[in-house]
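User: Please take a close look at a single part of this model, and describe what surrounds it. A short account of the whole chain would help as a setting.

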Amino acid sequence: MAEGSAQKARIAILISGRGSNMIALADAVRGGSIPNAEVAIVISDQPNAAGLDQAKKRRLETLVIERRGRTREEHDRQIVAELRERKIDLVCLAGYMRVLSSEFINTYRGRILNIHPSLLPSFPGLNAQKQALDEGATISGCTVHYVDETLDGGPIIVQRDVPVHEGDTVESLSERILIEEHKLYPEAVKRVLEQIE
Ligand code: GAR
């Protein structure tokens, strides 16, 4: 979205749990550090996701769309229909723990971002912080990348290093990385929106 354009970029945020990255994005939009944008919807595939309450407190529209025994494609079709209805420009995955169907990815190609708690391509998939500790990494970090059909393998937008300390546990490392995630994701979204016409 060009700066100064009357239309605000409409962001959808998909979550499955705590939603702290969703909050970081929503607060950055509200505080003006992601200019000319609005969070149009927060969607969770989990009805009990703690992030839903946080979103409601911020008066954001929320939707729960559970998979409920449907195929990935059927589930994603319902999500895409809701996104289309709201004329979403950018989809931000924020702790959304599902792989997207190709149909979803094709509909929003180049407009779906994800944040991951490692320096990709190292440690893709689940439990990235544990993978880093098990490997004996001395530096880990976080990555914001475009989502494509690969698992955490889409083009990287921005990364930030985080040191691994002696005696780190999964919890202590995750916490240190999360602090950087909350800064990095808004920066990445701002940068991407500047490039979207
Ligand atoms: C974050 O650390 C995010 O990077 C990670 O899940 C956490 C969600 O926290 N995502 C992945 O591991 C995706 N592969 P949040 O719900 O508080 O944002």
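Analyst: Contact here means heavy atoms within 4.5 Å of each other. The model is a predicted one, in which local features need pLDDT of at least 70 and side-chain atom pairs count only at pLDDT 80 or more, while totals for chains, interfaces and linings use all residues. Residues are numbered from 1 along each chain as its sequence is written, and side-chain values use heavy atoms, with hydrogens and water left out.

The setting comes first. The protein contains six helices and seven strands, where helices (H or I, at least four residues) and strands (E, at least two) are DSSP runs numbered from the N terminus. Read from that end, the order of the elements is β-α-β-α-β-α-β-α-β-α-β-β-α. The radius of gyration, taken over C-alpha atoms, is judged against a globule rule of 2.2 Å times the number of residues to the power 0.38. For 197 residues a compact globule would be near 16 Å, and the protein agrees with this because its own value is 16 Å. Its C-alpha trace spans about 50 × 45 × 30 Å along the principal axes. Of the 197 residues, 51% count as buried; buried means under 20% relative accessible area, exposed over 50%, and partly exposed in between (1.4 Å probe, protein chains only). Among contacts with a separation of 6 or more, 64% join residues 24 or more positions apart.

The part chosen for the close look is helix H2 with the residues that follow it. H2 covers residues 50-57, and its buried residues are Gly51, Leu52 and Ala55. These residues lie on the same side of H2, because they cover an arc of only 105° around the axis; the arc is that of the directions from the helix axis to the C-beta atoms. In general, an α-helix has 3.6 residues a turn, so residues three or four places apart point the same way. The buried residues of H2 pack against strand E1 (9-15), helix H1 (20-31), strand E2 (37-44) and strand E3.

Just after H2, Arg59 takes a positive phi of about 60°. Leu60 lies in the loop between H2 and E3. With a relative accessible area of 17%, Leu60 is buried. Its contacts, leaving aside neighbours within four places in sequence, are Met22, Ala26, Val39, Val42 and Ala55. Ala55 is thus a contact of Leu60 as well as one of the buried residues of H2. Ala40 is 20 residues from Leu60 in sequence, and the two C-alpha atoms are 7.3 Å apart in space.

Further along the chain, Leu63 is found in strand E3 (residues 62-64). Not counting residues up to four places away in sequence, Leu63 touches Ile41, Val42, Ile43, Ser44, Leu52, Glu82 and Arg86. Through Leu52 this list returns to H2. Leu63 and Ser44 are 19 residues apart in sequence, with 6.4 Å between their C-alpha atoms.

Glu82, another contact of Leu63, leads to helix H3, in which it is found. At 19% relative accessibility, Glu82 counts as buried. Beyond its neighbours within four places in sequence, Glu82 is in contact with Leu63 and Ile65. Its C-alpha lies 9.2 Å from that of Ile41, a residue 41 positions away in sequence.

Leu83 also has its place in H3 and counts as buried, at 0% relative accessibility. Its contacts, without residues up to four places away in sequence, are Ala12, Ile41, Ile43, Ile88, Val91, Phe104 and Tyr108. Ile41 and Ile43 therefore appear in the contact lists of Leu63 and Leu83, where contact means the heavy-atom criterion given above. By contrast, Leu83 and Ser174 are 91 residues apart in sequence and 31 Å apart in space, C-alpha to C-alpha.

Some backbone features elsewhere complete the account. Asn36, in the loop between H1 and E2, has a positive phi of about 60° although it is not a glycine. Asn36 is partly exposed, with a relative accessible area of 23%. Lys87 occupies the loop between helix H3 (72-85) and strand E4 (90-93). Phi of Lys87 is near 50°, a positive value in a residue other than glycine, and Lys87 is exposed, at 63% relative accessible area. Finally, a cis peptide bond joins Leu120 and Pro121, with omega about 10°; Pro121 lies in the loop between strand E5 (112-116) and helix H5 (128-135).
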